[in-house]
Amino acid sequence: MAEAFDAAGLPIAKADRYAGLAVEIAAVLEGEPDRIARMATIAAMLAQTFAAFLWCGFYLVDPAKGDELVVGPYQGTLGCLRIAFGRGVCGTAALERRTLIVPDVAVFPGHIVCDARSRSEVVVPVLDRSGALIAVLDVDSAEPAAFDETDAAGLEAIVRQVFGAA
Ligand code: SME
């Protein structure tokens, strides 16, 4: 992933970029309860912060179905509209309610190709305050193995802070 630099020209560690972004997101979302507004803002701020993200956004649990995701706010090229639980990276993360880091999407069973440039992916479950799964946050990169535990922890912290138990 491309490096970022501070005002003095020194590289900013990825964990620090996530931490700074979490603070900015909290400030922007202060007093805004609407879930879609929150997700749209997070997607836009992630895309602005990490220019290397090819696609980032949310797939929401469709309350009418319970076992299907429907696309929510995102930044990037056209995403597929619906993903059944258990399908692809997003559906697997939703079914298993756990973060998945996929270094090579080509070898992930059932990976769903939305943008052929996508080479690697990280998907984080989004839980509400009661612990119910409400969505997954999906981030794609055109670079292979673009995501590691720092990305997973940074994204998990943001969705926990905004949607989960304090
Ligand atoms: N690749 C994902 C589908 C969603 S898009 O990449 C936007 C998957 O396999 O779950």
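**Group meeting: sheet, helices and ligand shell**

Let's start with one residue pair: G57 stands opposite Y74 in β4. Keep in mind that this is a predicted model.

That pair takes us to two strands. β3 covers residues 53-61, and β4 covers residues 68-75. They pair in the antiparallel sense, over five bridges.

Now the whole sheet. Six strands form it, and it is open. Read across, the order is β5-β4-β3-β8-β7-β6. The pairing is antiparallel. Which strands stand at the edges? They are β5, residues 82-84, and β6, residues 100-102. Each has a single partner strand, so one side of each is left without a neighbour in the sheet. From one strand to the next, the twist averages 25°. As a reminder, strands of a sheet pair through backbone hydrogen bonds, either parallel or antiparallel.

Next, the helices on the sheet. α3 lies across β3, β4, β5, β6, β7 and β8. Its direction is about 35° to β7, which spans residues 120-127. α4 lies across β6, β7 and β8. Against β7, α4 runs at about 25°.

α4 also packs with another helix. That partner is α1, residues 14-29, while α4 itself is residues 149-163. The angle is about 15°, and the axes are 9 Å apart. Angles under 35 degrees count as roughly parallel, and that makes α1 roughly parallel to α4. The crossing of α1 past α4 is right-handed.

Who meets whom here? From α1 come K14, A15, Y18, L21, A22, I25, A26 and L29. From α4 come T150, G154, A157, I158, Q161 and V162. By character, the residues of this contact divide into ten nonpolar, three polar and one charged.

Last, the ligand. There are 14 residues around it. Which of them come nearest? G88, V89, C90, I112 and C114 do. Now place the shell on the fold. Two elements, α3 (88-96) and β8 (133-141), each supply at least two of its residues. The largest share comes from α3, with three residues. The shell splits into seven nonpolar, four polar and three charged residues.

To tie it together, take α3 once more. It lies across six strands of the sheet, β3 to β8, and it gives the ligand shell its largest share. β8 sits between β3 and β7 in the strand order, and β8 also supplies at least two shell residues. α4, for its part, lies across β6, β7 and β8 and packs with α1.

Definitions and conventions:
Residues numbered from 1 in each chain as written. Predicted model: local features only at pLDDT ≥ 70, side-chain atom pairs only at ≥ 80, totals over all residues. Near = placed C-beta within 6 Å. Helix = DSSP H or I, 4+ residues; strand = E, 2+ residues; numbered from the N terminus. Nonpolar A, V, L, I, M, F, W, Y, C, P; charged D, E, K, R; others polar. Axes fitted to C-alpha atoms, helices over the stretch in contact; angles between N-to-C directions. Parallel < 35°, antiparallel > 145°, perpendicular 65-115°, else oblique. Left-handed = near helix turned anticlockwise from the far one by under 90°. Contact = placed C-beta atoms within 7 Å. Pairing = 2+ DSSP bridges.
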